[in-house]
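These entries record what I looked up in the structure, topic by topic.

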Amino acid sequence: MTDTHPTITLHYMPHTRATGTRVLLEELGVPYDLHVMNMKKGENRQPAYLAINPLGKVPALTVNGTLVTEQAAIALYLADLFPEAGLAPTLTAPERGTYVRFLVFYNACFEPALIDRYLKRDTASQNDTPYADYNSMLSVLRTQLAKAPFLTGDTMTAADILWGVAFSWTLQFGLVPDEPVFRDFSARITSRPAFQTVSAEDDAMAARHAQEAAKV
Ligand SMILES: N[C@@H](CCC(=O)N[C@@H](CS)C(=O)NCC(=O)O)C(=O)O
């Protein structure tokens, strides 16, 4: 990376999947702009934002004008962009394969399994889903997290931030069983100042958004 930081904008809505991305930016300690939208007013479905991300979803990141979407891709990208923060194993480190595996597992297996379960669609055969079945998918995580404090061992990475924040809301909504292995892992991330700060700001932002939406 050059001495000058890239211009980073995080397209954001509080209490969403974008929270984890903001926590990562805080953990990286890099400057960024927040483009906040009020989901209750449908601002993410207005033409101005659809011109940035046609799916109207967050998180979305623009880095010097280039769009990056999907939580795992954003985490991978940011942690590599700022290697000095030490949140990404280097390309040749033994932990790199596990790191990339669990980042991609999040978007490729965990979220599809959760959504299928939430929508009561998890009756398909193991062949027909990208994650076999919910319990098998979950046992991969349980086994990995039982081995060490973090996904790749003793050192926290961007993958842990993604997963730690995700477990906090999936446990809260009962989408993941409340087991110590998931709870304790999540607490290692959510007890940190970055999550605490972002979470408090999310609460305030969401309250403001609800008031604004009620006025319309
Ligand atoms: N595949 C996306 C999913 C993003 C997503 O579902 N975001 C939700 C927030 S939790 C969203 O933007 N919902 C607003 C909407 O669809 O109107 C990712 O992993 O980043």
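**Entry 1: Gln-144.** I followed the side chain of Gln-144 and found that it reaches the backbone oxygen of Leu-151 at 2.8 Å. The model is a predicted one, and I read this distance accordingly. I placed Gln-144 in helix 5, which covers residues 134-145. Is Gln-144 buried or exposed? Its relative accessible area is 9%; the limit for buried is under 20%, so I entered Gln-144 as buried. I then listed its contacts, leaving aside neighbours within four places in sequence, and noted Thr-98, Phe-102 and Leu-151.

**Entry 2: aromatic residues.** Phe-102, a contact of Gln-144, led me to the rings. I found that Phe-102 belongs to one aromatic cluster with Phe-105, Tyr-106, Phe-110, Trp-163, Phe-167, Phe-182 and Phe-185. A search of the whole structure returned 10 aromatic pairs.

**Entry 3: charges over rings.** I looked up two arginines. The charged end of Arg-117 sits over the ring of Tyr-134, 3.9 Å from the ring centre. The charged end of Arg-22 sits over the ring of Tyr-12, at 5.7 Å from the centre.

**Entry 4: helix 1.** Arg-22 is among the buried residues of helix 1, and I turned to that helix next. How many of the 11 residues of helix 1 are buried? I recorded 10 in the helix, which spans residues 18-28, so helix 1 is largely enclosed by the rest of the structure. Which elements do these buried residues pack against? I noted strand 1 (8-12), strand 2 (33-36) and strand 3 (60-63), together with helix 3 (71-81), helix 6 (158-172) and helix 8 (193-215). Just after helix 1 comes Gly-29, with a positive phi near 70 degrees.

**Entry 5: the sheet.** I traced an open sheet of 4 strands in the order 2-1-3-4, with mixed pairing. Strand 2 and strand 4 (66-69) are at the edges and have a single partner strand each, so one side of each is left without a neighbour in the sheet. I noted that neighbouring strands are turned against each other by 25 degrees on average, direction ignored. For strand 3 and strand 4, I found antiparallel pairing over 4 bridges. Thr-62 has Leu-67 in strand 4 as its bridge partner.

**Entry 6: helices on the sheet.** I closed with two helix orientations. Helix 1 lies across strand 1, strand 2 and strand 3, and runs at about 150 degrees to strand 1. Helix 3 lies across strand 1, strand 3 and strand 4, and runs at about 125 degrees to strand 4.

Definitions and conventions
Residues numbered from 1 in each chain as written. Predicted model: local features only at pLDDT ≥ 70, side-chain atom pairs only at ≥ 80, totals over all residues. Heavy atoms only, no water. Buried < 20%, exposed > 50% of the residue type's maximum accessible area, 1.4 Å probe, protein only. Contact = heavy atoms within 4.5 Å. Pairing = 2+ DSSP bridges. Axes fitted to C-alpha atoms, helices over the stretch in contact; angles between N-to-C directions. Phe/Tyr/Trp six-rings, centres within 6.5 Å; stacked < 30°, edge-to-face > 60°. Lys NZ or Arg CZ within 6 Å of the ring centre and 35° of its normal. Polar contact = N/O pair within 3.5 Å; in protein donor to acceptor, adjacent residues only side chain to side chain.
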